[in-house]
Amino acid sequence: MRRLPYVMGAILVMLGIAPTALHTQQPTGTIRGRITDNANQQGLSGVTVAAGGRSVLTQADGRFVMTGVPVGAQTVRARTIGYAQATIDVTVTEGQ
């Protein structure tokens with residue numbers, strides 16, 4: 001029974017450290033762009049744009065801003081009804 005306080009103490013210390021280790025923030029950046037129709041170069045509204053576990057919808061003029069994207073190589077995917085999915089590889093830089 002004397003070990004119980006030590007075990008409880010060790011568990012409490014581990015629980016206090018675990019959230020810190022799990023919530024360490026990795027560097028992120030921003031992806032900005034515009035989705036257009038190839039035929040007429042008009043911006044497309046409501047297109048889902050996804051990268052790095054994040055996704056956004058384009059505005060009325062086809063523009064989008066996606067923040068909090070992990071730095072490094074990312075594949076940006078754009079899709080909407082009536083169009084084939086489009087992808088492009090980009091490199092996200094911290095803070096940019």
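**Note on the predicted single-chain model**

1. The accessible surface of the chain amounts to about 7,200 Å², and carbon and sulfur atoms account for 55% of that area. It should be kept in mind throughout that this is a predicted model. Of the 96 residues in the chain, 20% count as buried.

2. As to secondary structure, the chain contains one helix and six strands, and these elements follow one another along the sequence in the pattern α-β-β-β-β-β-β. Among the contacts made between residues at least 6 apart in sequence, 43% join residues that are at least 24 apart.

3. The largest nonpolar core is built from twelve residues, namely Ile31, Ile35, Leu44, Val47, Val49, Ala51, Phe64, Met66, Val69, Val76, Ala78 and Val92. Two or more residues of this core are supplied by each of β2, β4 (63-70) and β5, and β4 provides the largest share, with three residues.

4. Phenylalanine 64, which belongs to that core, deserves a separate look for its surroundings. When neighbours within four places in sequence are left aside, phenylalanine 64 is in contact with Ile31, Arg32, Gly33, Arg34 and Ile35, and also with Val49, Val56, Leu57 and Thr58. Among these partners, Ile31, Ile35 and Val49 are themselves listed as members of the core.

5. Aspartate 37 is a residue that I would examine with some care. It is located in the loop between β1 (28-34) and β2 (48-51). Aspartate 37 is buried but has no salt bridge, and the nearest side chain of opposite charge, that of arginine 34, is 11 Å away. What does the side chain of aspartate 37 make a polar contact with? The partner is the side chain of tyrosine 83, at 2.8 Å. Beyond its neighbours within four places in sequence, aspartate 37 is in contact with Gln42, Leu44 and Tyr83; of these, Leu44 is one of the residues of the largest nonpolar core.

6. The last point concerns threonine 80, which is placed in the loop between β5 (72-79) and β6 (86-92). Is threonine 80 buried, partly exposed or exposed? Its relative accessible area is 27%, and because the partly exposed class lies between the limits of 20% and 50%, threonine 80 counts as partly exposed. Not counting residues up to four places away in sequence, threonine 80 touches Gly46 and Val47, and Val47 is included in the largest nonpolar core. Threonine 80 and serine 45 stand 35 residues apart in sequence, while their C-alpha atoms are 9.3 Å apart in space.

Terms used: Residues are numbered from 1 along each chain as its sequence is written. This is a predicted model: local features need pLDDT of at least 70, side-chain atom pairs count only at pLDDT 80 or more; totals for chains, interfaces and linings use all residues. Side-chain values use heavy atoms; hydrogens and water are left out. Helices (H or I, at least four residues) and strands (E, at least two) are DSSP runs, numbered from the N terminus. Buried means under 20% relative accessible area, exposed over 50%, partly exposed in between (1.4 Å probe, protein chains only). Contact means heavy atoms within 4.5 Å. Accessible areas come from the Shrake-Rupley method with a 1.4 Å probe; for residues, only the protein chains shown count as cover. Lys and Arg count as positive and Asp and Glu as negative; His and the chain ends are not counted. A salt bridge is a side-chain nitrogen of Lys or Arg within 4 Å of a carboxyl oxygen of Asp or Glu. A polar contact is a pair of N or O atoms within 3.5 Å; within protein, one must be able to donate a hydrogen and the other to accept it, and residues adjacent in sequence count only if both atoms are side-chain atoms. A nonpolar core is a set of buried Ala, Val, Leu, Ile, Met, Phe, Trp, Tyr and Cys residues joined through side-chain atoms within 4.5 Å.
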